[in-house]
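Subject: Structure handover

Dear colleague,

Here is the structure I said I would pass on. Please look it over before reading the notes underneath.

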Amino acid sequence: FANVVLLCHFDGADGGTTFIDNSNSNHTFLAEGGITTSTVQFKFGTASVIGDGTNNRLSISGATTDWNFGTTDFTIECWVYPNTSAAFGIFSFVDTGTVFLLQGGTDKLQAYGPVPDLTTTGTVATGAWSFVSFSRVSATLYMSINGATENAGTFDVSASSLTVSPR
C-alpha cells in the first residue's frame, strides 16, 4: 500500500459530488461537468462515478511526481461499465497527451500517446462490468481485460496531472 498513489472507491449517495482519494497521497479532485456518484450501478461499496461522456471528468492537478513513472513499473486498474459503444478516456495524462481509453465502435482498449499506440485484440462488453488494467513491467506495457492480457508493447508515461473520465 505504501506505493499506491491513487485509490478511489467512489462511494456516496446518489448524485453526490464528493470524491475522495483513499491513498496516502490524499489527492484533491476537481469535478468538471455533471459528474456525480450513482447508486444505480456499482460493483462494490455504495456507488460508482458516472458521467454522460460530454466534458465530464475528475481532474487532479498541481505539483506532484506521482504520475512521473519514467521507466519504472506501474499498474493502473479499474472496473468499467460502459452503457454504450462510444469512445471515452479512462485515464489521461493531459500534459503529455497520453490517454488510456476505450475506443468507440470497437470497444477495444487503447494506450494512446508516445509512439507506438497499442490496441487490444479483445473487447470490453457494454452493459456489464469489466476489470481493465494497464501495467508496465520492465518497459513493456500490458493491457488486460478481465485478467486476460490482450496486448503488450513498449510505452512511456511521465506526467504531472491526471484526469479520470467516466462515461
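The notes below go from the overall make-up to single residues.

The model is a predicted one.

Overall make-up

The protein chain contains 13 strands and zero helices, so the pattern along the sequence is simply β repeated, from β1 (30-32) onward. Of the 167 residues in the protein chain, 42% are buried. Among the contacts with a separation of 6 or more, 53% are between residues 24 or more positions apart.

Core

The largest nonpolar core consists of 29 residues, and I90, F100, L109 and L141 have the most contacts inside it. Two or more residues each come from β4 (57-60), β5 (74-80), β6 (88-93), β7 (98-102), β8 (109-112), β10 (130-137) and β11 (140-145).

The β11 and β12 hairpin

Strand β12 covers residues 148-154 and pairs with β11 in the antiparallel sense, over six bridges. One of the bridge partnerships is that of T140 with T154 in β12. The two strands form a hairpin with two residues between them. In the turn, N146 has a positive phi of about 50 degrees.

Aromatic residues

Five aromatic pairs turn up in a search of the whole structure. One of them joins F10 and F19, with 6.2 Å between the centres and 70 degrees between the planes. That pair counts as edge-to-face because the angle is over 60 degrees. Both residues are buried, F10 at 16% relative accessibility and F19 at 10%. Ring pairs also bring in F29, so that F10, F19 and F29 form a cluster.

F42 is placed in the loop between β2 (36-38) and β3 (48-50). Its relative accessible area is 34%, which makes F42 partly exposed. Apart from neighbours within four places in sequence, F42 is in contact with A47, S48 and W129. Between F42 and F10 there are 9.3 Å in space, C-alpha to C-alpha, and the two are 32 residues apart in sequence.

W79 is involved in a different kind of arrangement: the charged end of K43 sits over the ring of W79, at 4.4 Å from its centre.

Cysteines

How many disulfides does a search of the whole structure find? The result is zero. As for the cysteines themselves, C8 is partly exposed, with 22% relative accessible area, whereas C78 is buried at 17%. The two values fall on either side of the 20% cut-off, and therefore C8 and C78 are classed differently.

Backbone

Besides N146, two residues deserve a look for their phi angles. N26 is not a glycine, yet has a positive phi of about 50 degrees. N26 belongs to the segment before β1 and is exposed, with a relative accessible area of 53%. D107, likewise not a glycine, has a positive phi of about 60 degrees. D107 lies in the loop between β7 and β8. Is D107 buried or exposed? At a relative accessible area of 13%, D107 is buried, because the cut-off for that class is under 20%.

Regards

Conventions: Residues are numbered from 1 along each chain as its sequence is written. This is a predicted model: local features need pLDDT of at least 70, side-chain atom pairs count only at pLDDT 80 or more; totals for chains, interfaces and linings use all residues. Side-chain values use heavy atoms; hydrogens and water are left out. A disulfide is a pair of cysteine sulfur atoms within 2.5 Å. Buried means under 20% relative accessible area, exposed over 50%, partly exposed in between (1.4 Å probe, protein chains only). A nonpolar core is a set of buried Ala, Val, Leu, Ile, Met, Phe, Trp, Tyr and Cys residues joined through side-chain atoms within 4.5 Å. Helices (H or I, at least four residues) and strands (E, at least two) are DSSP runs, numbered from the N terminus. Rings of Phe, Tyr and Trp (its six-membered ring) pair if their centres lie within 6.5 Å; planes under 30 degrees apart count as stacked, over 60 as edge-to-face and the rest as tilted. A charge sits over a ring if NZ of Lys or CZ of Arg is within 6 Å of the ring centre and within 35 degrees of the ring normal. Two strands pair if DSSP finds at least two bridges between them. Contact means heavy atoms within 4.5 Å.
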